[in-house]
Each structure stands twice: as structure tokens, then as C-alpha cells.
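Colleague: I'm just starting to read structures like this one. Could you take me through a single part of it, slowly?

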Amino acid sequence: MKTITIRRPDDWHLHLRDGAVMEGVIGDTSRHFARAIIMPNLVPPVVTTADAQAYRQRIMEVLPEGHRFQPLMTLYLTEHTQADDVEEGKRSGLITAVKLYPAGATTNSHGGVRDLDKVMPVLERMAAIGLPLCVHGEVTTPEVDIFDREAVFIETVLDPLRRRLPELKVTMEHVTTKEGIDYIKSAPANLAGSITTHHLIINRNAILVGGIRPHYYCLPVAKREHHRLALRAAATSGDPRFFLGTDSAPHVDPSKECGCGCAGIYTSPNTMSCLAHVFEQENALDRLEAFVSLNGPAWYGLAPNEETMTLVKHDEQAHFPAKRETGAGDITIFDPMFPLHWAVAD
Ligand code: DOR
Ligand code: ZN
């Protein structure tokens, strides 16, 4: 039996939602992960430090007994965000990052940013106090093909912004393209990228071949195979600029299986099993710890976790339920389309 022991991992991009869905899904993260950056795209979004404080409290109230888990809170950047409020959030230790959603880019992003000029005072303050900006890197221009939206964002939005404000620390979240990987590698030390579990496993065929499969639809949408290979090479390289952000994004099944389904893949329950499989396939099990437990904390200026996690490769298949049942309805769990043999030891 093969085993590997690593420091306990963190998830640097997670959607926990609120209410009954949050209550149903939180244990899938807090069972394995010590910390997670919590996305603020609730309805209404988490815009102020007071909103984040209240949301954090709701999270702690539904945390399962005996789980030690630290939610790292973010603010949803709007054109009305106040620099003083952001600074206060960081100084109090509550706020780990601010999230930029270009308006209309994804789920609950209509309150996001349309005009970057309007948020420059906030971004300048963030640069001054060393607070990172987490970026959903896709343009929303209707003329731009959905598969090109990340590459066009880098060229027309991210690179100009970074030239305008070189001191700003930016996390390019859920990178899905070779262009994204190359851009991060070519940048100075104040740019890093998170990579999801599912983008290491699926390419766009998963969504479209043999029928339309809504449970593989997310944003940024999975791209061609050569992009997936670039992501795998980056994630398994040990390069400190790349770390795990699952973007695990639960939606109840009726919201996915319909005429206009929501974007989001729910990977929290089997993410660690999937990643051990991927890293073993790439002969990089010795670099799994860097990707899931070391590079993220170093980037966010935090200490790595002291506790450890052991993963065991069993001869038999590790079984996960097809769905997570919640008080709001069932949520389909990511199916990697290969048998999983790695499991987190209890
Ligand atoms: O697939 C996605 N789902 N991408 C996002 O950017 C948002 C997320 C969600 O909130 O459902
Ligand atoms: Zn997300």
C-alpha cells in the first residue's frame, strides 16, 4: 500500500454559499482543509467589512463539531467600495484579499466592476497596505469568444492594470490557459495563480462530446487539451507561483440541469483523491505538498499548517457518493471519469 503524508492543505478559492447549501457542503471542505479563501459572490454580495464579519459568523455557526477550520474572508469589489473600509478589514485581520469580478463575468457578478478607473483609489490603497487582489480573469465583451476570454483579459485588462500599478499583488484565479500560465511565469514576484482540481482533469470535450454535460460546465470554461497539459505541468512543477484554489462551486442540480444552467463544479469531497491521482500520473507525488499546502500560505504571507494529512492508495476503488444531499436539494459531486484509488486516511 502506497501512502503519502503532507502538511494539511488549504483551499485558496472556495464557494461556500449561505444557508442550507452552506450547511450541507461545509463539512466536505473542513474535513480535509485547514483554511480556505471564501468567495464573496453571495446574493447580495459580501461588499463591506461588516458584511464579511457577519458572513464569517454564519460560517462558524454551521461548522461541524470537532472540525478546526479557518475561513479567510474576502470582499467583493464594487465601484462603491471604500478604501478606508478595506484597510480597516485588513488591519483587523478579518480580510485576506479583495475579489475583482468583471461585471457579468460569472455567477452573481452583475454588481462587479465595469470601469477600472472607478476602483483605482481602492486598488492603490491595497497596493500601499499589501492586500492582494484576487482576479476573475475574463473579459465580458460580447464579441469575444468565450474560449478566448481569459487570454484577451490578460492582454487588455490585467497587463495594463499591472503596468499602471506595479506594486499591486495579484492572484490570477483559476487559470485555464497556457497563456495564463506563461504570463504568470514571465511576471515579477507580485503575480501568482491558483489552479482548480477539475481544470487539471477535464478539457472542453468533457462538456460537449456525446451530449451536453452540465456538471462539467464552469467559468472560466475548460479549454483545449494543450491548455490542460500546461496547467498540469505548472501545478506539478513545484513552482511557488502556483497553488490550489478548487473553485468548488455547489449549485443544486435543478440549477445545473436546465435550459440555462449555472456555472460551477462541486469538487470539495474528492479533490484530494483526484489531486493525488493527477500528481502520481505526472510522477510528482513529492510535489503535491507544495501545490496544496506550502505555496498558497507563502503567497498570502501565512505559516503553513502544522498538522498533517495522510493519503493512502488502496487496491480497491475509493467510492464517493454521486451527490451531496443538502436541505436545499442535491448537489452532484465531480466525477473525474477515472476510478479513484487514493483516499484521505481518517
Ligand atoms: O464556475 C464558476 N462558478 N465560476 C465562477 O467564477 C463562479 C462560480 C460560482 O459562484 O458558481
Ligand atoms: Zn469561483
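How are the donor residues of the zinc ion (ligand 2) spaced in sequence?

Modeller: Happy to! Please keep in mind that this is a predicted model. In sequence, the donor residues of the zinc ion (ligand 2) follow the pattern H-x1-H-x231-D. The two H's are His13 and His15, each giving its NE2 atom, and the D is Asp247, which gives OD. These protein donors lie 2.0 to 2.1 Å from the zinc ion. Now find two of them on the chain: His15 sits in the loop between β2 (11-14) and α1 (19-30), while Asp247 sits in the loop between β9 (242-244) and α9 (253-256), so the pair ties together parts that are 232 residues apart in sequence. Both His15 and Asp247 are buried.

From the loop that holds His15 you can walk straight on into α1. To describe how two helices pack, we give the angle between their axes and the distance between those axes. For α1 and helix α2 (residues 49-62), the angle is about 65° and the axes are 9 Å apart. Their crossing is right-handed. On the α1 side, Met22, Glu23 and Ile26 take part, and they meet Tyr55, Arg58, Ile59 and Val62 of α2. Sorted by class, this contact has five nonpolar residues, two charged ones and no polar ones.

One last stop is the nonpolar interior. The largest nonpolar core has 92 residues, and Leu123, Leu133 and Leu311 have the most contacts inside it. A second, separate core has twelve residues, among them Trp12, Met39, Tyr76 and Tyr101.

Terms used:
Residues numbered from 1 in each chain as written. Chains lettered and ligands numbered in written order. Predicted model: local features only at pLDDT ≥ 70, side-chain atom pairs only at ≥ 80, totals over all residues. Heavy atoms only, no water. Core = buried A, V, L, I, M, F, W, Y, C linked by side-chain atoms within 4.5 Å. Buried < 20%, exposed > 50% of the residue type's maximum accessible area, 1.4 Å probe, protein only. Donors = N, O, S within 2.8 Å, 3.2 Å for Na, K, Ca; no water. Helix = DSSP H or I, 4+ residues; strand = E, 2+ residues; numbered from the N terminus. Axes fitted to C-alpha atoms, helices over the stretch in contact; angles between N-to-C directions. Left-handed = near helix turned anticlockwise from the far one by under 90°. Contact = heavy atoms within 4.5 Å. Nonpolar A, V, L, I, M, F, W, Y, C, P; charged D, E, K, R; others polar.
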